[in-house]
Amino acid sequence: MDAYLWRHLEDQFAKLAGQYGYDEIQTPTFEDTDLFCRTSGDTSDIVTKQMYTFEDKGARSMTLKPEGTAPVMRSVLEHSLLQQGSVLKLWYFTTIFRYERPQKGRYRQAHQLGCELLGSASPQADAEIIEIATRFYQGLGLKGVVASINCIGRQETRARYRDALLQHAAGYLAGLDQEARDRVQKNPLRLLDSKDPAAIEALAGAPSVLDYLEDSSRAHFDQLQSLLTDASIPYQIAPEIVRGLDYYTDTVFEVLSTDLGAQSALCGGGRYDGLVKDMGGPDTPSVGFALGIERCCLVMQSQGLIPEPQCPDAVVVCASPEAESAVRQLAARLRTAGLSAQHDLSGKSLKGQLKWADKVRARYAIIIGADELAAGNATLRTMASGEQSQVPLDGIEGRLRS
Ligand code: HAM
């Protein structure tokens, strides 16, 4: 993928997150393994199968971060960033590492942009997070962006729903080996997420988690839907979305795309009200999401949305050896004025320099030779039209800017 496109996505995300009041946070590439085992869940595929774990020279178990949320929470607690009664909003760009079978849209080293909103239990916080994800994609011009939302409730819901789900899938479970059965027993919601065709078949017509919600979860989910409708955020209810990490409570969501084939999730997130407390911090209801940069690029590509790389404002062309110094000085002046300007460094002929200006799609070629030097002028060529005129060197920056 082209680095300029990643830069563009990160800049767009930083700008958007900044508009909603999010500050950037950066976390280390690796953390204590225990952090992920305690937070992502010891039944999740991420923890059981996908972590890059190694022992360091001090015999500590370390893991390359497979996701960004737990490291952000660790960092927030370690640096006491939480203030009682106030909301903390953070965004990040992070590399993640997951030992998965690589395929289109799924890589062992991938990159995420994400937001975490800590300290609000209000459905307005969930709506804001879903809104940011949606606005990001809409801002890039992506078509068909719809958030798939679900509510997986809390402990009481889970306990009741668990029994119903296990009962429904009893036939399928009987055919599994003991280890797989144990994993399902620990977290039956995972069944809904399974890519195993037999599991998908067995779960056809399974009861919906939405029919088992506690009253507070139901009210939260209803309010979220009204808020999304008020903000004109396209959404659909998708009871099959449960997410692959264990820390979620109530709201979960994904934005899916049919342009991605099997790896259909462009982004995912949800509420994780118990996570900060489980990590030894204060009770801090929180919600967040992360989006995959590579998947975003794939969808932009398939929808013809890749922007052109930025072009230089000017290539300053040297038409005779005595103009070399003037060429360098003019390029420097243009840069000081905030414009992008280049000049040849490889001894190209006049024709070669103009060809190069065309190739890099410069807006202007500014040609300086002996005659121009004597007159204090430059030949200004508009590359798109080929029009050219003599202009005074003094004040040429203003002309280029206008
Ligand atoms: P996740 O759903 O595991 O959530 O990942 C979020 C997004 O990262 C996915 O939707 C996908 O676009 C991208 N992604 C994940 N794994 C890969 C991979 N192997 N290759 C390419 N792209 C990938 C989380 O990571 C949560 N921490 C999100 C979150 C933040 N929840 C609350 N706050």
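Helix H13 (residues 293-302) lies across strands S5, S6, S10 and S11, and its direction runs at about 105° to that of S6. Keep in mind as you look around that this is a predicted model.

## The eight-stranded sheet

The strands under H13 belong to an open sheet of eight, in the order S1-S5-S6-S11-S10-S9-S7-S8, and the pairing in this sheet is mixed. If you want to find the borders, look for strand S1 (23-24) and strand S8 (235-237), the edge strands, each of which pairs on one side only.

Inside the sheet, strand S10 (residues 265-271) and strand S11 (residues 286-292) run antiparallel and are joined by five bridges. One pair to pick out here is Gly269, whose bridge partner in S11 is Phe289.

H13 isn't alone in touching this sheet: helix H1 packs on the sheet too, touching strand S5 (88-97), strand S6 (109-118) and S11. The direction of H1 makes about 5° with that of S6, while H13 runs at about 105° to S6.

## The three-stranded sheet

Now for the other sheet. Here three strands form an open sheet in the order S2-S4-S3, with antiparallel pairing. Strand S2 (30-32) and strand S3 (53-55) are the edges, each pairing on one side only. From one strand to the next, the twist averages 35°.

Take the S2 side to begin with. S2 pairs with strand S4 (residues 61-64) in the antiparallel sense, over three bridges. Phe30 stands opposite Leu64 in S4, and Glu31 has Thr63 of S4 as its bridge partner.

On the S3 side, S3 and S4 also pair in the antiparallel sense over three bridges. Glu55 stands opposite Ser61 in S4. How many residues lie between S3 and S4 in their hairpin? There are five, and Ala59 in that turn has a positive phi of about 60°.

This sheet has a helix packed on it as well: helix H2 (residues 33-40) touches S2, S3 and S4, and its direction makes about 75° with that of S2.

## A salt bridge from helix to strand

A search of the whole structure turns up 20 salt bridges. One of them ties Arg74 to Glu31, with the closest N and O atoms 2.7 Å apart. Arg74 sits in helix H4 (residues 69-78) and Glu31 in strand S2, so this pair links distant parts of the chain, 43 residues apart.Arg74 comes up again below, in the contact between H2 and H4.

## How the helices pack

Three helix pairs are worth a visit, and their geometry is set out here.

| Helix pair | Packing angle | Axis distance |
|---|---|---|
| H1 and H5 | about 135° | 10 Å |
| H2 and H4 | about 110° | 10 Å |
| H5 and H11 | about 45° | 9 Å |

Start with H2 and H4, which pack at an angle of about 110° with their axes 10 Å apart. That angle makes H2 roughly perpendicular to H4, and the crossing is right-handed. Leu35, Phe36 and Thr39 of H2 make the contact with Ala70, Pro71 and Arg74 of H4. Sorted by class, the residues of this contact are four nonpolar, one polar and one charged.

Next come helix H1 (residues 3-19) and helix H5 (residues 123-140), packed at about 135°. That makes H1 oblique to H5, and H1 passes H5 in a right-handed crossing. From H1, the contact uses His8, Leu9, Gln12, Phe13 and Leu16, and from H5 it uses Ile132, Arg135, Phe136 and Leu140. Six of the contact residues are nonpolar, two are polar and one is charged.

H5 has another partner, helix H11 (residues 215-230), and these two pack at about 45° with their axes 9 Å apart. H5 is therefore oblique to H11, and H5 passes H11 in a right-handed crossing. Which residues meet in this contact? Pro123, Gln124, Asp126, Ala127 and Ile130 in H5 meet His220, Gln223, Leu224, Leu227 and Leu228 in H11. By class, that gives six nonpolar, three polar and one charged residues.

Key: Residues are numbered from 1 along each chain as its sequence is written. This is a predicted model: local features need pLDDT of at least 70, side-chain atom pairs count only at pLDDT 80 or more; totals for chains, interfaces and linings use all residues. Side-chain values use heavy atoms; hydrogens and water are left out. Axes are lines fitted to C-alpha atoms, for helices over the stretch in contact, and angles run from 0 to 180 degrees between N-to-C directions. Helices (H or I, at least four residues) and strands (E, at least two) are DSSP runs, numbered from the N terminus. Angles under 35 degrees count as roughly parallel, over 145 as roughly antiparallel, 65 to 115 as roughly perpendicular and the rest as oblique. A crossing is left-handed if the near helix is turned anticlockwise from the far one by less than a right angle, and right-handed if clockwise. Contact means heavy atoms within 4.5 Å. Ala, Val, Leu, Ile, Met, Phe, Trp, Tyr, Cys and Pro count as nonpolar, Asp, Glu, Lys and Arg as charged, and the others, Gly among them, as polar. Two strands pair if DSSP finds at least two bridges between them. A salt bridge is a side-chain nitrogen of Lys or Arg within 4 Å of a carboxyl oxygen of Asp or Glu.
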